[in-house]
Amino acid sequence: MSLCGGPDPAVAPRLLRPRAARMARRPELLCGAAIVLGCAFLVALKVTCSRAKDVTMPAKLPVNFFSTSSPVIDLFRGQLDYADHLRQDSEIVLYFFYAPWCGQSIAAREEIERVASRLSDQVLFVAVNCWWNQGKCRKQKHFFYFPVIHLFHRSFGPIEYKGPMSAVYIEKFVRRVMTPLLYISSRSKLLDFLSNYEPGVLGYFEFNASPQPPGYLTFFTSALHSLKKDYLGTIRFGVITNKHVAEEISLVRSGSVYLHRHVNTSLIYPDDIMNYTAENICKWALENREILIHWLRPHGGKSLLLNNELKKGPALLIFIPYNPLAEIHPLLDEITKVALQYHNCNKNQAAEPDLQHLGDPDSPAFDSSVPDAHTKLSETFSITKYPCCNTVVLPQWHSISRTHNVCELCVNQTLGVKPNKVHVPHCNFLEIEAALDSFYLQEHTFFQVISNTIECSNFLSFYSPFSYYTACCRTVNRHFLSFLSSEKTIFQTPKVAFSSHGKKDNTQHSIPHIEDKNCFIPDLPISGTNITGLSCRTNKTLNLYLLDSNLFWIYAERLGASRSTHLKEFAAIVDLKEEVHYVLDQNQSLVGSTLENFIKNFSILYSPLKRHLVDDPSGHFPEQRVITEVTTNTFRDTVFLSEKNVLLLYYAQWCGFCASLNHVFIQLARLLPPDNFTVARIDITRNDLPWEFMTDRLPTVLFFPHQRKEQSVKFPEDISINLPNLLKFILHHSSLSSSEPCTKECLHKERVLQQGHISHLEREIQKLRSEIRALHQAHDQLEAQLSEARREEHRLQQQKHTLEKQHKTLQLHSEQLQATYNQKNQELLEMAEKLQELADASENLLKENTLLRILVASREGRLQSKDETKESLQSEQITSEDNDVSLSAAPATLEEKRIDNADTIETEHSSGNRTE
């Protein structure tokens, strides 16, 4: 037995052997034991893990995001239920959902406070923290970005604002929600409403019989729906309250809705086909609106907004400083006028001037005595009498394609009974397609051979008896088109001829195409000053876009705007398909005439505009460089105008393989004679070149031989770029190529040139050898310095270890001193508590001593009064009761003794209290 009372260790192996032999004979016991042990281990692990403490630090309590003096109510604990309660008592409510850590929320906080300081008396501003995990806003709302702005107009909402987080834009949107309708009661207000470039929807309601006529609330709600679906607010809604004003736009029935469009035909809401609901009115207005100028407001994050717009075709981007709260915008009015003229394909040039003329209060149109005022205004908004035309290019398989090449096909709707001027549909693709079908079915009507006349023919529509199609074709030979531009006098006096069954028509209204070079219809030259309808006369139609330069000037700088300009006005045309963009000269002021010339120069077939090449303005390189750095501005001088052989490397900052070739080109520049060769490079990510010199692969090497710069050679891609290969490539292509046999003089020059090259290479080799020796010496010195640095590092490591030990010792001493300090501090606290107790006890004793003195004084007074009473009684009893002296002596003595004993007891009790 062991000393601890257990079995002897020597006996334990003897006891385990028979058990092991028994388990070997029965392996199921071993498996069962293993399973039981495994289960026990899992249970123990689960119990241990379940009792593990939660080490996650709880979130800190949120604090005020807005100041307490701010007009914004800050619900920083996410009390969404209280926010809904506040909304019930307010007509207009703005919710600002934020996250305290979000940088954009912090930046927008000041803008919201500025808006609230101006509109707090009309709008309730509520900020809700939607990030705190215990708030109801975080549990009920699931926002993917911050901040989020929601507006409520009574019970309608939410209307989310997605525009720029700028105070002026937010205030403009809030005011649109506050007053979604403009009330029009006079002709001047109507003309102001219709003269705006934004599409407008007008509703006519009679308020004489009822303050809320039928359909008014539906129309009011449709205006709010438009703001909900289009946060830019491109559609304006107005209400006409005067019957005579409503008749100016053919609205005679209360509840009618009118959509005004400048270029295409204005429409009236078809309530007989569509239900008169707010959603349908809003949907109808959004689908049929006419947008001449698009506002682009990129939000600054990852977005495809610009890419999607630029894919639609060439775009004219105009950057102007814009204040949404300003009442007048002179520059915007000029741009709008240009856009209206550019898109006015029906040539209704009188429409816009009439609007301006009638909008003048001094105009005679406002005089009630003028009888034709009403008629003139009605004709202003009526459908134009000019047809909708399109140019038809005849295919080669057509039977008349040998002579007829281009025809002007027009859709006319003024024949027979004239339809209602409001319900006439505008020019669309289906009508043009029907006209094409009619034209190809009537191909036998053209019998003319090549001539200088225009042949026209009219075809009735298959779908409407009130419209017909007109086709005017010029018979031009295809082979004759190649020299039309040089023979300008051939078609100067064209004549109009009609087929036997055709109807004579005035062909001057047909719309030519600029690609025709004014040959087919010379009476409408493209070089004129008028751009009316230019968008329909060219295949290079522009989409017009406006951007606020106060917010998005960085995009203008990327397009080529000057960074030093104080006037942030800029215009550029971007053609994504052709991968080019043109910049309006910033020395010219951005006015209507400048934009017109810019658009016309782009629209012609051979545009005089030059492609804008992006140059790196930050590239300032020293003059003394082994490799010449080339930019967009220096490319022509360095490469083409130079009298040297030029080897040009295309690289980029992100190209790692390009950087690995730097030492190769540095060695090559040192080997080649600088009088005859130039080694240069260009960063193509920061510098644009003409298309014939651009590349889509990096690195790329081009060689421009002397006197044969147009015969540039590209270094083969299948050969590695190293010094020997580059030398072979340069020497092979730098020799003059001539088909004539070389003379003796030529051979002598070649021999001298080769000898000069050889001597130059020998000198360069000697330089390289001397540099190699210098490198070896520098290598030995560097090795010695490295060994010394290693020894110094070892010594510093030892000092580091010593300092770490001393630091640990000092840390232990510091801990001991801290413990001693804590102990002494505790003792001092205990001593202070005891002293406080003694002070309290002494104060109690003083109070008791004072009370005892008072008691003693009162007792002495009582004893004195008793003595005086005894003396008086004794004198009286002596004279009157001599016989009773013996009888009363005994009780008096007893009473006196009792009083003395009581006084003695009180005195002892008082002395005892004093002793305590």
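Contact is taken here to mean heavy atoms within 4.5 Å, and on this basis the packing of two helices can be described in the predicted model. Helix α12, which spans residues 330-343, and helix α17, which spans residues 592-603, pack with their axes 9 Å apart and at an angle of about 35°, and the crossing that they form is right-handed. On the side of α12 the contact involves Glu 334, Ile 335, Val 338, Gln 341 and Tyr 342, which meet Gly 592, Leu 595, Glu 596 and Ile 599 of α17. By character, the residues of this contact comprise five nonpolar, two polar and two charged.

A second element considered is strand β8, formed by residues 236-240. Five of the five residues of β8 are buried, and the strand is therefore largely enclosed by the rest of the structure. In a regular strand the side chains alternate between the two faces of the sheet. In β8 both faces are covered, with Arg 236, Gly 238 and Ile 240 buried on one side and Phe 237 and Val 239 buried on the other.

The pairing of β8 involves two strands, β6 and β7. Strand β6, residues 181-184, pairs with β8 in the parallel sense over four bridges, whereas strand β7, residues 200-204, pairs with β8 in the parallel sense over five bridges. Ile 240 of β8 stands opposite Ile 184 and also opposite Tyr 204. Strand β7 is further linked with β8 in a right-handed β-α-β unit, in which the helix is α8, residues 216-229.

Technical notes:
Residues numbered from 1 in each chain as written. Predicted model: local features only at pLDDT ≥ 70, side-chain atom pairs only at ≥ 80, totals over all residues. Heavy atoms only, no water. Buried < 20%, exposed > 50% of the residue type's maximum accessible area, 1.4 Å probe, protein only. Pairing = 2+ DSSP bridges. Right-handed = clockwise from strand over helix to strand, strands pointing away. Axes fitted to C-alpha atoms, helices over the stretch in contact; angles between N-to-C directions. Left-handed = near helix turned anticlockwise from the far one by under 90°. Nonpolar A, V, L, I, M, F, W, Y, C, P; charged D, E, K, R; others polar.
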